[in-house]
Amino acid sequence: MKTKLFLMLCFIGIMVSCNKDRLPNDAQNNNDTPSDFHENFGSEITRTFIGNVIDSNQNPIENATISIGNDNVLTDEHGVFIIKDAQVNERFAYIKAEKDGYIHGSRSLTPSNGVNKVTIMLLEETVAGSTTSGTEETISIANGASVSLEGDYIKEDGSPYSGSLDVIIHHLDPTDETVELQMPGMLYAENEDNEERMLQTLGMLAVELRGSGGEDLNIAEGSSAEIKIPVDASLLSMAPNTIPLWYFDEDKGYWIEEGEATLVGNHYIGTVAHFSFWNCDIPAEATNLCVTVMNVDETAFANTKVTITSATFGTRSGYTNELGEVCGLVPSGETLEINIYDFAICGSNVIFTGTIGPFSSDDTLAVIVDETSNIIHETVTGTFADCNENPITNGYVVLTYGDQQFFDTVEDGTFEINMLRCSTSDSFSIEAIDTDNLQTTGQINYTFSTPETNLGNLMSCNTITEFIQYNIDGDSGENVLIATNINATFGETDNSNGTGNNLNISGQGEAGSNDCFYLFGNLNDAPHTGTYDNLDYQVQDDTGINIGECIGISQTNNNIIYNVTALGDVGEYIDINFSGTYEDYNGNPHTISGVIHVLRDEL
């Protein structure tokens, strides 16, 4: 990965983390006098947020406490949270995440008009070393970052602490490709003159002190500590001899200037009077910029990566929301470069590049991206209901494309996800979660039906492990769900379909129902060879579906395509989605679309 510095752009979707400021509120900042800094945030507004909380291995964290103002929720087993109509400001929203065993995490951003999507990474509380009160001690970590302690400590209530304690240290290197996953809040700050600034970081250090009984500790009043923050060799040429120090205020959600550090060799060394996340940064004046990405027909490009590069402050990236919008701070008075990318699964190619700015005040910008044969705009829609076909009013869907995930809230039983994909990859998966009833559809595999993929009606039923679901003739037709008497086999057999890789799936509705289904066919592996792992196969030759009262589909004018997206071993899932047109035996034309999510049985 190329070395880069960080321009403060509070883009939706960047993953961040932060450390809790353990100092009592009345002693956090020597310069913490009342100011009108909050007026920079604009008027109070309400916005909806959906996000996920992950650990350093990007695994979901369940039961993390999420708070936005007075709103509090817990993450579910997928690490996901939703807060609707949260009270925030036009230019500033602050989301906090807490879980025992982790340093507190947060995300600050400029909220957009649509649903704001947030990812927060929590860092584990890893002990770097131990010491005892009354003893001077220097605790270091492998890369040379360190803290030198004088030995005087206090508890959270301000009373003296005596005894042993653990020291937790995390260093954040701006050239590390994971630093965007770990930064607290966003690089937005109040300087000593109570002025708004964006920051360019040369390194951060988080320090926490934990007493023998698990108490949160801090430096005693009148005492201090020396911190040493290494500077990557690639940054030394532009590192000033002295640089302002900034600490992250967990209550306020932004950085505050306090003191300075001196460059000694390849380390910045400074003295601090309390512990939190400390940051060596160069400040700059900034304006707020909102970018909307769309095609020539003004269709929004949602979930699309955008970067803005400053010759002075480097590059920062983020993803557009469902309105195609992403907002953040950019340096004032500077010409900038904007780039828009496709996804990693597509090669992370630049699909648009241009020059923008300079900006002297808050502004908006529309970027038109031409679609090409390699870049396809997709819309995925559907409805989401419980087992009794009641629309879900409090839930979400997760679409996974390659190694990237996109979330959309479900409030009225419907969902819509817009995104770009590349022509070389047309498979994705969907999982829908009912947060009220704690039920899920499970992950189901699909292929895109360009330009719109209608998934029909998804149902969350924990008791249903496999199903066949289809719709005949769209909104005016019939929805059918078969979840009983299902049999599904695949392998080399010799039957009426001939010897070959035969796929046989059948299902019968519950007693008293006339619903039934069958699909008998051979898999065509051309142009592929080898095993059936490519998941791009279509059912060929003799296929059929019986619908409703088991009136068969005529093979005349039968244009139904079956896309096999998963073909597991015995006991694993076979996933197929299908759509097209057909005639019944009476010559009546119909349309059909559906999905098969069944467990593979023994032959």
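Are Phe517 and Phe578 buried or exposed? I looked both up in the model, which is a predicted one. Phe517 is buried, and Phe578 is buried as well.

**Entry 1: aromatic pairs**

I went on to the rings of these two residues. A pair of aromatic rings is described by the distance of the centres and the angle of the planes. I counted the pairs and found 21 aromatic pairs in the structure. One of them joins Tyr188 and Tyr254, with 6.2 Å centre to centre and 75° between the planes, and I noted it as edge-to-face. Tyr188 sits in strand S15 (residues 188-190) and Tyr254 in strand S20 (residues 254-264), so this pair ties together parts that are 66 residues apart in sequence. I checked the cover of each ring residue. Tyr188 has a relative accessible area of 3% and is therefore buried. Tyr254, at 6%, is buried too.

I then came back to Phe517 and Phe578. Their ring centres are 6.2 Å apart and their planes stand at 40°, so I entered the pair as tilted. Phe517 belongs to strand S42 (residues 516-524) and Phe578 to strand S47 (residues 573-583), so the contact ties together parts that are 61 residues apart in sequence.

I also looked for rings joined through several pairs. Phe343, Tyr401, Phe406, Phe428, Tyr446 and Phe448 are linked into a cluster by ring pairs.

**Entry 2: salt bridges**

How many salt bridges does the count come to? I got eight salt bridges.

I took Arg210 and Glu125 to begin with. Their side chains meet in a salt bridge at 2.8 Å, N to O. Arg210 is in strand S16 (residues 196-211), while Glu125 is in the loop between strand S8 (116-121) and strand S9 (127-132), so the pair ties together parts that are 85 residues apart in sequence. Arg210 has 11% relative accessibility and counts as buried, whereas Glu125 is partly exposed at 25%. I followed the contacts from here and found that Glu125, Glu208, Arg210 and Asp216 are linked in a network of salt bridges.

Next I noted Arg197 and Glu195, whose side chains form a salt bridge at 3.1 Å, N to O. Arg197 is buried, with a relative accessible area of 15%. Glu195 is partly exposed, at 34%.

I then looked up Glu378 and Arg421. They form a salt bridge in which the closest N and O atoms are 2.5 Å apart. Glu378 lies in strand S30 and Arg421 in strand S33 (residues 414-422), so the bridge ties together parts that are 43 residues apart in sequence. Why does Glu378 count as buried? The relative accessible area of Glu378 is 0%, so I entered Glu378 as buried. Arg421 is at 7% relative accessibility and also counts as buried.

**Entry 3: a charged patch**

Last, I looked at charge on the surface. Which residues form a negative surface patch? I listed Asp297, Glu298, Asp370 and Glu371. I picked out Glu371, which lies in the loop between strand S29 (363-368) and strand S30 (375-386). Glu371 has 37% relative accessibility and therefore counts as partly exposed. Patch residues need over 30% relative accessible area and no salt bridge, and the 37% of Glu371 is the value I wrote beside that cut-off.

Notes
Residues are numbered from 1 along each chain as its sequence is written. This is a predicted model: local features need pLDDT of at least 70, side-chain atom pairs count only at pLDDT 80 or more; totals for chains, interfaces and linings use all residues. Side-chain values use heavy atoms; hydrogens and water are left out. Patches are made of residues with over 30% relative accessible area and no salt bridge: like charges are joined within 9 Å, nonpolar side chains (Val, Leu, Ile, Met, Phe, Trp, Tyr) within 5 Å. Accessible areas come from the Shrake-Rupley method with a 1.4 Å probe; for residues, only the protein chains shown count as cover. A salt bridge is a side-chain nitrogen of Lys or Arg within 4 Å of a carboxyl oxygen of Asp or Glu. Lys and Arg count as positive and Asp and Glu as negative; His and the chain ends are not counted. The place of a charge is taken as NZ of Lys, CZ of Arg, CG of Asp or CD of Glu. Helices (H or I, at least four residues) and strands (E, at least two) are DSSP runs, numbered from the N terminus. Buried means under 20% relative accessible area, exposed over 50%, partly exposed in between (1.4 Å probe, protein chains only). Rings of Phe, Tyr and Trp (its six-membered ring) pair if their centres lie within 6.5 Å; planes under 30 degrees apart count as stacked, over 60 as edge-to-face and the rest as tilted.
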